[in-house]
Each structure stands twice: as structure tokens, then as C-alpha cells.
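The following note sets out points for a colleague's consideration. They concern strand burial and pairing, cysteines, internal cavities and record annotations.

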Amino acid sequence: QVKHPVISLRFVFIFIVQMGEFKVHRVRFFDYMPSAIRAMVFSTRTERLALARADGALEIFNFSDNYFQEKVMYGPRRVAVEALCWVGPRLFSAGLNGEITEYDLENLRPRYTVEAYGGPIWTISVNSQGTLLAVGCEDGTVKMFEVLKERIQFQRNLDRQKGRIISLSWHPSGTLIAAGMMDMIRIFDAETGRATHRLLVDRGAGASKSKEVVVWSIAFLSDHTIISSDSAGKVQIWDGLNGTLIRTHLITKWDVLALSVSQDESSLVAGTSEGTVVQFQFISSTVDRLDKDWVRTRTFKNHSHDVRALAHTETAVVSGGMDTQLVVRPLLDKVEKNTRESAMRKVSFPHRSLVCCAKKAGLLLFQFPDHLELWRLGESDGYGKLGGSLPVKRGPEKLIQLKRKGEDHICCSALSPCGGWLAYSTVTSFRLYRLQNGSISICKVSKLPKDLLPAHQLCFSTNSSKLFASSSNSSVVVVALNELECKYLGTLKAKYGCRQPVHQLSASDNGKWLATANTDCEVHVYNLDKLKLHCTVPVYGSCPTAMAIHPTTSNLVVVHADQQIFEYSLVKKEYTEWSRRLQKQGLHSMWLERDTPITHVTFNPKNPAHIIVHDMFMFCIIDKSLPLPEAKNVLYNQMALRSLPEPDRVLHSHGFKICKDFQHLLCVSLLEDHSLVVVERPLLDIVSQLPAPVRQKKFAT
Amino acid sequence: MVEHGDIRVVRRGGSKINFRQPVITNDSRLLLCASGHSVKVFSTSTEECVHELRGHTDLVTGVVVKPSNHLQAYSCSLDGTIRLWDFTDGILIKTYDIGYSIYSIHTSAFHKGVVFTVTSTISDKKSESFQLVAVHLPQSGDQLVKAPELSAVISDVSSNPGAIVFGRGGEYIASANGLHLEVFFFKKQKTYRFFLKKDTKTGGKNTFMCVAAHPKDDCIATGHEDGKIRLWRNFNHQKEYTYSTLHWHSNAVSSMCFTPEGTNLLSGGVESVLVQWRYNDVSQRDFLPRLGAAITHIAVSPDGALSCTSHSDNKITIIQGIKVSAVLQGLVTGESVETDLMVDPRSKALVLNGKPGHLQFYSLKRDKLLYNLDIVQQEYIHELGLQQFKVVKVAFDASGNWMATVEERKQKDAEQELNLKLWAFDEQTQSFVLNTTVADPHESRITAMCFCQAAASQTTMLISASEDGHFKAWQLRRLAPDDGPSCLCDFVGAYRGLVPHCCCFSADGSLLAVSFQEVVTVWSPASWELLATLSQPPKAIRNLCFGRLSCSKYLLGTTDDHLLCCWNLLTCSLEWSTSMDISLLLGDPLTENIAAFCCHAGSTDLFVFKPSEPRPVFSLKAVCSGKVTHAVFAPREEMLESCEESSQWLNHSQLYFLTQCMDLMTFTTKAEEEKLMASSKQLLIDDSVAMTPFYLLLGKHRKGESGAAASGESAGRPPLPQGSGAVKELLRTPAHVLPSTSFLCSMFVKSLLVSVGDASEESKPAEEEMESEKEEEDSEGDMESSASRPERGSLARRSAEPAAPPLTKAQLRELRRVKKLDHSWLTGLLRS
């Protein structure tokens, strides 16, 4: 039985802690910094949220599958995406470089780019029929693009206005379009292209009177009501038929940057620079009367910085902004209370691993968008008492900082277990490096096989002789590596017609198996000797978030986004006994209610019954030999369990040894020398690196 | 000992006017508020008390204006009755007996003939849960009516009347209690309940404090413990309800009120700032700060012109727009009275702690605050846990020319700060002016302070005893011939290092008694010589008191082991002693009577005795519950001439005392009460009429009339000459519908003339017959609109003359005719 001691002594960068049977390297030198959220758009049809970050990354979250971050894409160059738009299943973006880009969601890259020739584009909007895209440009034109099957084509300009077009919204009928500009709102007839109304927006009071007011966001409702939010802190409700102002709600002293209206147009949210999200509801003033009014109701404060992007789904308000967190705040009047849906979620870390650990060499590879860092872990030879910290003989050392070549983001990277090879891939290129002399020297492998295309995921075999790279159409390229050359061995392909990208790769220790998982929830296992498909794990309805093949028993452990765990025997091609038992009894409800996915699975070579998994807030050693947690008992973590009296402890002990001593985990891995590496990135460190928020008067200061 | 039935404990003066929400009448001229056992009617413009509606026998717990008649008001009380008053005239119209203690009353125009009261749940009284009950008031002509029809509406409500409110014309009622809000729709008979969590993660406390409902929209505002205001909407859905939050108050919101048009929401709390929120734009707020004390209730007049706030310091502020227009100040008792009750010898006003750092001078006779005297002269900062300077001791000299005060502040980890201040009365400003400040007069707390009360003595001497083991004598002296006198320490006395606890001068100022724990020392102030020590071991002395007049040779003291001792100072020996747990011993300055409040089995008994006589003059058991620690004899301005032996002790002065709940109580005799009732009846005839030349004429006439009526009653004559009805109608009819004055004048004068003989009397019925035909034609249309008015009029009349025989049919008809809205009375008048 594993005992988890308490940590008492701290060092600046490394914590080596005696931890039951483990020595723990507590790593805090990964300065991971997520990027601010710039835009988001939600598609009710596919239940997916597309999100654009300030560094140009695009992320797609599947809301029907536990808000799992399915895909991460990077634009062609490092340009900020200003607006996003779903047209059916197609995703378009527009940015200040003046181009409209459509994305290839299967190969995770831009499909094509169209120049709008109107200067920077501030906004993009599609009509409800999905036939016309309207973009608002810096030069004051609204440009219409026809959506064709394979591309988009410029159709015409609406009447050109003075001043830039900041925001656009189509009337649901598709005949009218409202444009938010500097100091005013224009309503255009979409057919003739003429401006029919000009609504003047008041400037802010006092000193900001001389400053132009920016209509940051606008919404055109089906009853011809126009709702605008502006830089003077107002949310205004206009009558779009007569062009008159109905109501003004002053909700902040700063800017109101984002608006989002629910599908049924009964609720509306506005995001402000103060980090608040204000809800308005369309409510009748008295019970028995029908005339309704927009009334300010709730205020959510989940952000410390500007709320730049908002989405109003049927049951929740999704918000994101400068503080880099994606917050899903359920509306309690729309969901059942005390269920999984009613819990608030914050997505702070990506749902995939950015850390690669060379188990044999004791090296760590950290992936940043524009560079890679290679660190050697510290060493200690002392023996400390349980829970104490050990003296550090040699501190951790940054060996290499490898800058990317070109403009593109690094989208995946890998380090071989022996520490001799390093590979990374961007959208356009693939690079392989040879590390020597304890990683002091690095040289690029210049002769690469032609089949080695830019990859979505990379993986080395345990003996570092093979490299696996997932590429388009769910295929995996296998390359043999040795001192002299690297040779293309073949391409693993599951079956015809599978197009979704592979996001998880896992090779077995004995070099026999390779498991792949794609975003269609399919898990394939290949026989590497034959380079052929060995078997397909029965498809489960939720996306795999992490998986690994057991070194000795060759069982594949897959963890899904809905927190389910499966163990599949590759030899017998069936679920193992333990997995069946687990499914029969069901996982504990507290396990299922965790809101971050498991991002890593690893095994304890000394004890084959142990599976080590971790998410952002905890890591857990699952002991298969112990009984499963009972549903009626509370799922205690080890710390809480220790504080219980002795008889209760026996009663409550179970096979899930949860440790919450380390927080905000990016990686937990077990080295060859049986020491545990824990990579932490405390959220407070991220917050402290954010720019200062807008000044707010606090009570009693 | 004999119990004396004719002396009872009453609240007279100084009762709370901030106990319940005040009510402003429709015309914004009067303000009604519950005050002790009565309802007070104040004028909103002059701040004077117009009437005191007496009749309840227990605490009045609510006042509301009757929705169907804005000239009448209901009041409810813990005595289990609801009374209907004509508050303009101060007449009790009806009494409804409910039978259960009523904690608050609510009415709405939607419910005719029904009032809603909060009563204690009958099943078990220990847990003190309350329910809202609808009471159907029976339509009956009797004065005292039983109201048996009760039906529970909402169970488990708060006893705070501010937590129950009618919404939108009475279509629903909202009640908040603890952490849940309950809305009951009368039409659908459906209840919706909304719950909040006890605490939020950010430390908010969600307990409901008060509720207000928008008069036109379906919006309920609730105030919470952490200062938030929530505006609830869509509450006719159990799930899709929604609320928005407003936050300005830093502490609990104690009261809220919407203005009648619903454009503004007023809220207040302990910050003593009235906040006005715009209903349509809640980001805009107006503030009325510095209202003096925490706001406990807010009310708005039905026309929205006035609003008023009740404050924790027993004050009602009347606010016009966003400006204070009048202040009604009651006696400030606060949570504790540090100074004893004192009577200012000059103004005969009661003196005690008032606002923080102030002394208040309260006239008991006029039941009005005279003025506040700032003793501490420092800015008062409201903050929880902040220690302020407190006035702890006050003493007056016999003439009222000098006043001494002691203020102290004890801060954590800091030394005690003490100030002794001497104040001189300034004839010009008619107020006390600071003369001397002695910083740190003693090294420790001052336990007792007294002036030499001898009227004859030339110098003014003050004694202060302190925990540091000394007592000091302070004397007023002129340092320079042209300077005013100032205070100097004359003598420092001590006795064996013991702590002095009480000090007391004899009536002639020749002796000073100071108790040092269990020893009483008697000093001569002239020579500062220790004359005698008296001791009654083993317990410390609690109170000391010299006898007066014929009993001046006696010194009385009480000890901690419940002993009352009386020493004879001539023999320096114990005259008598008896075992009693006396909490307060008080000598009447005008007679030789001594009052002792005796704590016994959770309640207090009163004994009044003369030290020379073995038998008590008066005793009353169970005066009030709890311990009485403050009392005072207030000299009467005019002596009572009671010949009964038991009430003679009240002839010269009145005994006031403070109960544990800080209510000021006094003793009254039956004779006195009757006198008071008689005077109040006298008042209610004239008060409804403004002071105009008209009034002067009329007032005289009325007096004559009432005299005539009194004589007429006995003769069995119909008591209503036509003229009076005409005059009444003349006064009641709005000026703009009256004919020109010249036209009216002759009629009016004629109506005042006493009719000559029965000749006209006989001719009248015939005319009436003629009239009535014409009347019947148009009466159908008019009857409905004026239905409520004749009823009221007849009620008022009936209660005014309870002994009058029932009116005959003809009289009733005539009465109705006079009351008609059309001006047929004019023609009648012309003919007569």
C-alpha cells in the first residue's frame, strides 16, 4: 500500500520529495503561459465551440463531450484572428491582416485564404441561410462573399461608409444587416446595399466626450430590435424599424466588448472590461401581460481581465478574455440543479500534454508555441524521511532552448526515451534533431524521408529506434532511426474513409504494438512487426484523452473525456476482467464529476497492478488489486484519509489512491530509476504574469 | 403589605417611536406611528404630536391606513385586538378582538374587509414561529366586535413586518424569512418558494432582511444581510425566475420601500444613508447621507411627496424630495444607559445618554426632546469594534447651575482615557457651556460622583470616587478676580487602601458618606475629618442614601449579600436591617420617601418606605421583568392632591424607571389617569379644524352646540339641528365647487342662528317630503359613489355620542340627504 507523505521543505526550482515508494521531482520551471482569448463562436448544430487566441491558435471544444478540447490548430502566420464564424460545419476566420481564412478541420491547417482588399477586417458574420458571409473592413466597407462548396467568392460591397466597421449582425431574415461603427450604427438593406438607417450612439460623459465611441458588438434580433454594446460602457436597445433608441443600460465605466444572444432571443449577455458578464433577460413586467422588456438581471464575475469573447449556449454562458481562461457558467434556470451540467467549469490548461519526459535519460522537453526547452532533472543521493525534502546534489539544468524555424507555431514535439532524438513539427515542416554527449550537442538530421510530412502527433518507440508521426487521414508514418540514417518503414492506415486526425499515439515497451486514437473516438492498435492493423478497440462514445500500453501485460488502458477508464487486452482482443468489473460496478460519482480530463497514463514497472493517471488537480495511482471505491462512501483523497480515525480509514480505503499534494499539474511521469516527475504550473504564477487589469474602485480603499 | 390596585405601571413619555414603520396619511399632513401602548399622530410640518390614540393595553405592533377609507387607520397590538381609529379626530371607532397576540398588520386594497396579521403559531410557543393569518373583519355596528374568522395564509413567516409585503395592488404577497422567499398569488392560490444558500463563496451572507414590492411591475426587491439588494422578476415560475443584484450597502439592508409610482427604490441600513435607486437605471443612485443613526424603517407617503425614515436612536426623519424637512425625536435609550437617570433641576428635564457622546435633555411633561448636549465633542465614527468616548457619569448641583460629566474610553492595549468636565449654565444661551476639563482626574475608572446638594452652601463641591482607591473633592474657585470660577481639587481621601464605591452627601451638605467596600466612612466636608466608620460585614456596600427632612439622621445602605441597613447617625449604630436583594435604592429629593427596587425571582418589586417607619408606604410586586438599575424621582410641576395613603408618595414627584429592555416606565394613579383621559376627550372635538377665523366662530358655536346637545339628549330631542350639518358640509366640500362666498355668507350666518320656536321645525318635514321625491330619482347613481362616506360619518357620530338613542328613520334619511355629494343641501338651507 502506498503511503503519501506530507511535503515540508521547498527549494526554488526543484523539489525532491520522498513519497512512499517514490522519490518525487517537483518541477516548477516550466513557464507555460497560455495566450489571451480573442474570439469565440459556438455552433449549436455541431455543439462545438471554436475559440481563437491572441497568438493565432484556434481551439475547438466539443461541448457534447464534456467540453473536451478536440482540436488545436495554428493559422498560417502569427496573426491575430479577430473574428470567427461557423458556416454549417465549416469554420471561417478573419483577422487584421485583411484576409479571410477557411480551415481544414481534418488536417488541422488553413485550407485557403482570401484577401478582402479592404484593409484590416474587424468582423465576420454569416446570414442565417449560410449563403453569404459579410465582413466589416477598416476602410468602411461591408463586403459580401458568397459561400460556395469549396471556397468563397466576393459578391459585392455595400455602401461605403466613413470610418471602420467594427461589428456586424444579420437580421435572421437575411434582408437586413446592422453594422456597428465609430459613433454610430448603420442598417443596410442586404439586397440593394443601401444604408436605410443611421443610429447615433452617445459618447461617454465627462472627459471621454471628445473620444469617439466604438460600437464593439451588435446583435440584430428577429423582432427588429438591435442591441449594441460600446466603449462608453453602455448596452443600448434600439428599435430597428424606426431607428429609435428604446433603452440604455450603463453597465460599466469601461468598455463593453462582447455581446451574445441566446438562440431563442430571451436572454442576452454582455462582457465588460472589468471582467464581468452581465445578463439581460426579455421579461414581461407583470405576470399576465405580454409586452416584454429587456431587464438587466444577473452579473457574473469570473474573470479578472477584459471579457473579449462570449457565447450564449442553450444552457450556459461561455466567456473568455485576457486572463486566458475559458469559463463555462451554466444558467441555473436552464439546467437541473446539482448535476454535472450545473457545475461551473474553467479551462485553464490545454487538454493535451505539452511535456515530454525521457524516462531513461531523465530529461524533460517543454513545448512552447515558438520554441522548445530541454531540461535535465536534478539529482539527490540522500535519504530523507517520508514527506521531507531531500538535499539537492545537482540542480536542474536547462540544456537547450531550440527556437523554431520560420513563422509557424510548433504544434507537436517529442523526445526519445534515451534522450538521443528530438523531433518537432509545425503546420508546414517537420524537423528531427540528434542529441549527443548528454545532450550538449545538437545537430539537425538533414536527410529525412519524403513521406515524413508535417505531423499532428509524434512518438518514439521505447528503445528509441522508431519514430511514429501521425499525418493526414488518420494515418501514421513509421520511420526507423539509427546513427547513420533514418529510413521510412511504412504507413499505418486503419481503414478507408477515416479522416479525423490522430491525437494520441502510444507505443508498447516491447516494440510490438502501437495504439492510435483519433477525434472520432476510434482507437486502433497496430502490430509493428507486420506494420498492420492488429485490432480496433470497440468505439466508445467519448473521445480518448490519454492512453498507454502496459509494458508487461500488453493491456491497453484508455481514459476518455467522460472520465471512464477501460483496459483492453491486446492479446485476447477483449476488455480485461478488471475493466469489466469496473464497468459493472461503475466509477464513483465523485470521480466522474471531476472537470478536467486525464491527460497522461503511465505504469509502475515494479508493481504491474498500478496505473498512474493525472489531471490538472490531482494524480492517482489506481491499484487494480484493491477493491473499487463504493458508491455510497465518500471518495477520499489520501490526505483526507490520513486524517480519519483508524476504523474509518479501513472502511474508506479503496483502489484509487488520489494525491492532491501537487496542484495544477501539467505532467506526472515515472522515470526509469523509479522516481516520479511532477510538473506543476500554479495558476497564480500565470495570473501574476498577466498585464494589469483596468483600475476599479474597491469599497473602502 | 397590601397591594394597591389603583396604582399601575404605564409607559408615559419617552417610548419608542421607531418600533414599527410609520405611516404617512394620504394628504401627507399627518404621520402615524406606534409608540408604546398608543399610536401617536404627528403633524409632518410642525413636528408636534397632534393626537395620542390611547386604548390598547399592550405594545402596539403596527399601524396601517384603512385602504377603503384613507381617514381611518387600523392598529394592532400584543393585547390581541385590532382597533380602527379616526385619526384626524383621535376617536376610537371600533375594536376587533382577535384573541391572539398580533405582531404586525398588513392590508391591501385588493382585499376588502380583510386584514392580514402575523400571529404566533398556536401549537407551540417555545420555538416562536409565526404565521400570516387573514382576519375577516365582521360588518357590525357594535363597538367591540369579535373576529372569529381566521384563515392561515402563509406559515413560517418572519415576525419582522418589513419582511412581508403586498405586491401590485395586492395580487400577491411576498414573505421572506431566513433564507427563503415565498410568494403567494391570491388569484391562482399558488405559492412559489425560492431558496438561497446561506453563504456564498465570496463571503456574502444571504439572509433576507426586508422585502419591498414594486407597485406596478412584478418585481420584488429583497434586502440581505451582506448589504445586497436583489430584484426578483419572473417569480411566477419555479425555475425560470431571475434576479439582479444591486450592491451599495456595506452592512445589512434594514429597510426598503418603493415610491408609489415605482420610479425609485429607497433603501437604508446601519450606514445612516438613505439611498435612492432609480428603478429603470439602477446604476444611478442618489444619497441622503448623515442622517444621524442607523435607519430601521422607511416609509413613503401615498402621493410620493414625503418619505420618512425611522432611526435606531428613536427618531423619525421626514424627507421632502431628498432634503430633510422635519425631525421627530423621541427619547434615545440605545442599548445601555451608562449615566444614571438624572433630572435637570432647572428645566426638570430627564437627562441621560443620548446620541453617542451626547447627553439628552428630555422633557417628560411635553414628551419631547429639548436638546442634545455634545459632551465628548469629537466626531463619531461608526465602525464595528471601534471604542468611542462614552459619557459614563453625570451630576447636577442643587440649583442646576453646574453640571459635571465624566467620559471614558478604554481601548485595547491602551491606557484608560478619562476626562472630567464641568459645565456652567449660561443664561444667555440657555444651555450648558464647558467650564473646566480635567484630563485624567483619577488613575482608574470613576465609580461614583456627586455634588453637594445643600442649597445654602456658598461653594459648589463635587466628589468623585474611583477604583484607584481615592476619592477627590473638587471645588469651584476663582483663580483671578475677573476670571470665571474653575474647578480645582480640594482634597484627596482614602481609607485603608480600599476601593470606594458609592458616595453621598447629606441633604444639608454637612456630611459626606463614602463606602469603601464593606465600610461606610462619614466625613465632614468642612474640615475633611473622618467622623465615623460604619460597617456591616461581610459584603461590600452597593448603594448609599441619606434620609431627608424628618429622617435626615438616617443613612441607608444596601450590601451585596442582600441586606438593607439603616444606620442612625446620631448614635452611629445600626437602627434596623432587613434582608432584601435590592438593586437600586433611591431617595425622593422632596419627601422623606425612599424607593427600593428589589429583584426577586426574575422580576422586580418596588417598595417605598420612610426610614423612620417600619411599615412600607407602598409596595408593588412584579413591576416589570428583569432587573431595574436606573430610576429617578422627577418632581411634579403641580402637586397632586391625592388623599389616599398609598398614593400619597406620588404627590410631589413621579418615579420613572428604565426596564431591562430600555423602556421608560412610570407609576400612575387612577385619579391621574382619569384626568388625562378627560383632557384628551376635550381635545378631540376641535382638532380637525384649522386655526382660522372660521374656526373661532365655529369653535364657539360648537361648544354651545355640545352643551345644547347634552341638554337635548336628556330631553329626548333630536340632537342634530340642520345648520350643523350644513356647516359640516360646507367645510367638507372642496372650495372650487362651492358657490361664491357672498352667496354663502348669509346662509352661513343664518345657519348659526338658533332656530326660533317649533314653527320652522314643523314646516321642515313637509319640505323634506317634497325633497325626497326628487332625491330618490338621482339617488341611485349617487348611492354607490358615496356609499362609504355616510357610513363613516354615522360611525363617527355614533362613537362620539355613544349614549344617544338610535336614530329614527327620518333622521337617517335627513342625514343621508345632508351628506349627498350634490348640493341639494343648499336649497334646503335657503328655505330654512
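1. A residue is called buried here when its relative accessible area is under 20%. The model is predicted. By that cut-off, five of the six residues of strand β55 of chain B (residues 630–635) are buried, so this strand is largely enclosed by the rest of the structure. Its partner is strand β56 of chain B (residues 653–658): the two run antiparallel and are joined by six bridges. Within this pairing, B:A631 lies opposite B:F657 of β56(B).

2. Strand β20 of chain A (residues 225–230) is mostly covered, with six of its six residues buried. In a regular strand, side chains alternate between the two faces of the sheet. For β20(A), one side carries A:T225, A:I227 and A:S229, the other A:I226, A:S228 and A:D230, and both faces are covered.

3. How does β20(A) pair with strand β19 of chain A (residues 215–220), and through how many bridges? The two strands run antiparallel and are joined by five bridges. A:V215 has A:D230 of β20(A) as its bridge partner. The strands β19(A) and β20(A) form a hairpin with four residues between them, and A:H224 in the turn has a positive phi of about 65°.

4. On the other pairing, β20(A) is joined to strand β21 of chain A (residues 234–239) by five bridges, again in an antiparallel arrangement. A:I227 stands opposite A:I237 of β21(A). Three residues separate β20(A) from β21(A) in this hairpin, where A:G233 of the turn has a positive phi of about 85°.

5. Why does A:C667 form no bond with the closest cysteine? The closest cysteine sulfur, in A:C357, is 6.0 Å from that of A:C667, which is too far for a bond. A:C667 has 1% relative accessibility and therefore counts as buried. In chain B, the sulfur of B:C598 lies 7.4 Å from its closest cysteine sulfur, in B:C599, also too far for a bond. At 6% relative accessibility, B:C598 is likewise counted as buried. Over all chains, the structure holds zero disulfides.

6. A search of the whole structure returns eight cavities of 30 Å³ or more. The largest cavity contains about 180 Å³ of space. It is lined by 19 residues, and those closest to its centre are A:F349, A:P350, A:H351, A:T596 and A:M616. Two elements of chain A, β30 (345–347) and β55 (665–670), each give two or more residues to this lining. The greatest contribution is that of β30(A), with three residues. By class, the lining comprises eight nonpolar, six polar and five charged residues.

7. B:Y495 is located in the loop between β42 (485–494) and β43 (500–505) of chain B. With 11% relative accessibility, B:Y495 counts as buried. Its C-alpha atom is 9.6 Å from that of B:V514, a residue 19 positions away along the chain.

8. An unreviewed UniProt entry annotates residues 53–95, 201–232 and 246–277 of chain B as "repeat: WD". In the model, residues 53–95 of chain B are 0% helix and 58% strand, with end C-alpha atoms 13 Å apart. Residues 246–277 of chain B are 0% helix and 56% strand, and their end C-alpha atoms are 9 Å apart.

9. For chain A, an unreviewed UniProt entry gives "domain: Anaphase-promoting complex subunit 4-like WD40" for residues 154–203. This span of chain A is 0% helix and 56% strand, and its end C-alpha atoms lie 35 Å apart.

Key
Residues are numbered from 1 along each chain as its sequence is written. Chains are lettered from A and ligands numbered from 1 in the order in which they are written. This is a predicted model: local features need pLDDT of at least 70, side-chain atom pairs count only at pLDDT 80 or more; totals for chains, interfaces and linings use all residues. Side-chain values use heavy atoms; hydrogens and water are left out. On a 1 Å grid over the protein atoms alone, a cavity is a set of points where a 1.4 Å probe fits but cannot get out, and a pocket is an open set with protein on both sides within 12 Å along at least five of seven lines; lining residues have an atom within 4 Å of a point. Grid points are joined across faces, edges and corners, and a volume is the space filled by probe spheres set on the points. Ala, Val, Leu, Ile, Met, Phe, Trp, Tyr, Cys and Pro count as nonpolar, Asp, Glu, Lys and Arg as charged, and the others, Gly among them, as polar. UniProt positions are given in the numbering used here, feature names are shortened, and annotations may be inferred rather than shown by experiment. A disulfide is a pair of cysteine sulfur atoms within 2.5 Å. Buried means under 20% relative accessible area, exposed over 50%, partly exposed in between (1.4 Å probe, protein chains only). Two strands pair if DSSP finds at least two bridges between them.
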